[in-house]
Amino acid sequence: MGKGYMGKVLFVDLSRKSFKQEDVPDELYENFLSGYGLAARIIWERQKPGIDPLSAGAHLGFASGLLTGTGALFAGRWMVCGKSPLTGGWGDANCGGDFAPAIKQAGYDAIFFKGKSKTPVYLLVDGDRMSLEDATGLWGRDAIETEKILKEKHGKAARVACIGTGGEKMSLISGVVNAGGRIAARSGLGAVMGSKKLKALCLRGEQKVRVHDREEVIRLSRDFRRRIHRDKRVDGMLSGKLVGLMGKVMKKFKTQPAMAGELFKYTLRVWGTSGITAMSAETGDSPVKNWSGAGYVDFPVGTRSYKVSDDSVTRFEVKKYHCYSCPLGCGGICSLPGDIEETHKPEYETLCAFGALLLVDDLLSIFHINEKLNRAGIDSISCGVTIAWAIEAFERGLLTEDDTGGIRLSWGDASAVNKLVDKIIAGEGIGGLLKDGVKKAAERLGKGSDAFAIHAGGQELPMHDPRYDAGYGVAYEVEPTPGRHTIASYTYLDLMALHKKTHRMPKQSKLHGLKDRFGVEGKGRALAIQSSFTDVINGCGLCLFSISIGGDPPVAGWINASTGWNKTFDEYLEIGRRIKTLRQAFNYREGIRPGDMEMTKRARGIPPLDKGPVAGIVPEFQTLDKDYRKAMGWSPETGKPLDSTLKELGIDYLAGEIED
Ligand code: SF4
């Protein structure tokens, strides 16, 4: 009888070209699950604090989830982990696709690299054999080509995660790509892989994931699948016009979208995340014109945002795309006849980062940009934010045509944006200034341009405006990986309805309803509880959407049936808090303090906008952030995990390493 995990990790030393397998004690899984929980625990122990993340001593881990391969649904996320060269703190990025089960089928829960190869290599694990293969011929190839070549060489069953040219050039906004262009984009870990001259991992294994009670896992999955698909006929009744209308209504009443899980599910099923693009621009969720505009003024649904949203996007979709073990399939494979034969449907984050943020409504250009960035392995959020900054710098006369190589930058000019993307990918000319993200670009240019470089702790902010949903802003500033939209927000509180799962979570009515987006009472604590749950989800390798679409996902049941543990939902929440506290301790040990993670003032509402749905809004982030840290058991002022918290969580052995 198995336990859902493989119980083994692989260490690869790229300098020595050596391999070492190690058994992992059961206790580590019980305390940190798998995914980035396990990776954080292992890297914490083996990596010296203060290390340069692009040096040989830095570790880089690839982890699957605890539930991957067990029969649980939505369990296809894999994570790349290490110290972020972008933020200087803990880094992780999470991705769907087909690579997560391959890690387990190769026999491991995670694979770690350290050292540096002198020449480009890729890791090949083929059954019991493992080797570092010459990747000289792959260096310079884009990510999709690389995957194709490796599959031609090692067979269709091989699964590949690789860097594109962005990672090779050590762009600090580069990530790791799998499944024909899906990217683990955030934290800049593609640069770490590039620094090690590690082009790819190519895995071809056949090991089975053994679980404690397979029948129960399958029964839970069957029931959940039935619950989430019982209303599939609703899909045919939806249209993009309806989404636009909802946005208008919400704008009128200035409400948080009542995004009950069910509604979000229909949206994902029909359009994927592209379905929220126009609605978000209209309500104030989307940042507009480098966070200085308002959607319904500068990018209104009737004339602009609908062009890059929902039906406009899915008319190019030729088939749905499902990540491994996903019954929903929010992804899509698109075809632009006579242009791009096959490409992944752009996500909301990309549609907004190259749409409302830059006032571009040319969808075909965004398709091209999305494809180019996926091939280069560059984070589209970070790239869009950096270009928004460049346009504003140009508008203010801080950048000129001499700097840009003759490109005139202006809002809404898709052609100029396309040229800038090419320069960033090449890392040449103005691309050299921009290729490492917005914070570095502003440091390089100076002239006060940091005032409109929008980031938190170096990580470009995602496409959810914290002046609209302050919950996102709290997560952007307090999450150990700052600037992350997949951790906590008021919207997620609404979607996940955790008060039905745990008495610790106050009822939404007790939080004064989420319509009161600007009160602070009880909100920091609620966000802390919800974000602990997100760490459980990432430890399990579950997709965030699985817990945001209603249907009561049986997370605790899946884990118990897979592992043989018998823990309650609240006990899993404590594991989530332990994982987050470990990641926070990592940052504290690296010398990162709350002030280092604060968002750029403009995103905090300073000065407040004078138009649109978030006009005049200045959320009370200081109070919310402190309440969140307090609820986590960290010092509200310094972010240091308290000794009493470490003891309570059974990780007091960390205490000696995070002295002031
Ligand atoms: S819901 Fe979308 S992102 Fe999540 S696993 Fe399914 S296809 Fe992948």
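User: Happy to look at this predicted model with you. Between which two domains does the ligand lie, and why?

Analyst: The shell around the ligand draws residues from domain 1 (8-204) and also from domain 2 (218-460). Because both domains contribute to that shell, the ligand lies between domain 1 and domain 2.

User: Which residues surround the ligand, and how do the residues of the shell divide by class?

Analyst: Good place to start a pocket inspection. The ligand is surrounded by Phe74, Gly76, Gly96, His322, Cys323, Cys326, Leu328, Gly329, Cys330, Gly331, Cys543 and Phe545. By class, the shell around the ligand has seven nonpolar, five polar and no charged residues.

User: How is the protein chain divided into domains, and how far apart are the C-alpha centres of domain 2 and domain 3?

Analyst: The protein chain splits into domain 1 (8-204), domain 2 (218-460) and domain 3 (470-598 + 620-657). For domain 2 and domain 3, the distance between the C-alpha centres is 26 Å.

User: In the contact between domain 2 and domain 3, which element gives the most to the side of domain 2?

Analyst: The contact takes 22 residues from domain 2 and 26 residues from domain 3. On the side of domain 2 that touches domain 3, at least two residues each come from helix H7 (214-229), helix H9 (261-271), strand S16 (455-456) and strand S17 (459-460). That side has 12 nonpolar, six polar and four charged residues. With five residues, the element that gives the most to it is H9.

User: Let's turn to the sheets. In the open sheet that contains S1 and S6, which strands are at the edge?

Analyst: Six strands make up this open sheet, in the order S2-S1-S6-S3-S4-S5 and with mixed pairing. The twist from one strand to the next averages 15°. Two of the strands pair on one side only, and these edge strands are strand S2 (18-23) and strand S5 (90-95).

User: In what sense do S1 and S2 pair, and which residue in S2 is the bridge partner of Asp13?

Analyst: Strand S1 (residues 8-13) pairs with S2 over six bridges, in the antiparallel sense. Within S2, the bridge partner of Asp13 is Ser18.

User: And in the open sheet with the order S8-S7-S12-S9-S10-S11, which strands have one side left without a neighbour, and why?

Analyst: This is an open sheet of six strands with mixed pairing. Its neighbouring strands are turned by 20° against each other on average, direction ignored. A strand at an edge has a single partner strand, so one side is left without a neighbour in the sheet; that applies to strand S8 (129-134) and strand S11 (182-184).

User: Which residue in the turn of the hairpin formed by S7 and S8 has a positive phi?

Analyst: Strand S7 (residues 121-126) and S8 pair in the antiparallel sense over six bridges. Leu124 stands opposite Ser131 in S8, and Asp126 has Arg129 in S8 as its bridge partner. Two residues lie between the strands of this hairpin, and the one in the turn with a positive phi, about 60°, is Gly127.

User: Are H15 and H19 roughly parallel or roughly antiparallel to each other?

Analyst: Helix H15 (residues 380-395) and helix H19 (residues 438-445) pack with axes 9 Å apart, at an angle of about 30°. Val385, Thr386, Trp389 and Ala393 in H15 meet Val438, Ala441, Ala442 and Leu445 in H19. The residues of this contact divide into seven nonpolar, one polar and no charged. Angles under 35 degrees count as roughly parallel, and therefore H15 and H19 are roughly parallel.

User: What about H22 and H24: roughly parallel or roughly perpendicular?

Analyst: The axes of helix H22 (residues 523-540) and helix H24 (residues 569-589) come within 7 Å and cross at roughly 85°. That angle makes H22 and H24 roughly perpendicular.

User: Which class has seven residues in the contact of H22 with H24?

Analyst: Among the residues of H22 that meet H24 are Ile529, Phe533 and Val536, and among those on the H24 side are Tyr572, Leu573 and Arg577. The contact includes four polar and three charged residues, and the class with seven is nonpolar.

User: Finally, the backbone: where is Leu33, and which peptide bond is cis?

Analyst: Most residues other than glycine have a negative phi, and most peptide bonds are trans. Leu33 has a positive phi of about 55° although it is not a glycine, and its place is in the loop between helix H1 (26-32) and helix H2 (35-46). Pro607 sits in the loop between H24 and helix H25 (621-632). With omega near -5°, the cis peptide bond is the one from Ile606 to Pro607.

How values were computed
Residues numbered from 1 in each chain as written. Predicted model: local features only at pLDDT ≥ 70, side-chain atom pairs only at ≥ 80, totals over all residues. Near = placed C-beta within 6 Å. Nonpolar A, V, L, I, M, F, W, Y, C, P; charged D, E, K, R; others polar. Domains from an automatic or database assignment. Pairing = 2+ DSSP bridges. Helix = DSSP H or I, 4+ residues; strand = E, 2+ residues; numbered from the N terminus. Axes fitted to C-alpha atoms, helices over the stretch in contact; angles between N-to-C directions. Parallel < 35°, antiparallel > 145°, perpendicular 65-115°, else oblique. Contact = placed C-beta atoms within 7 Å.
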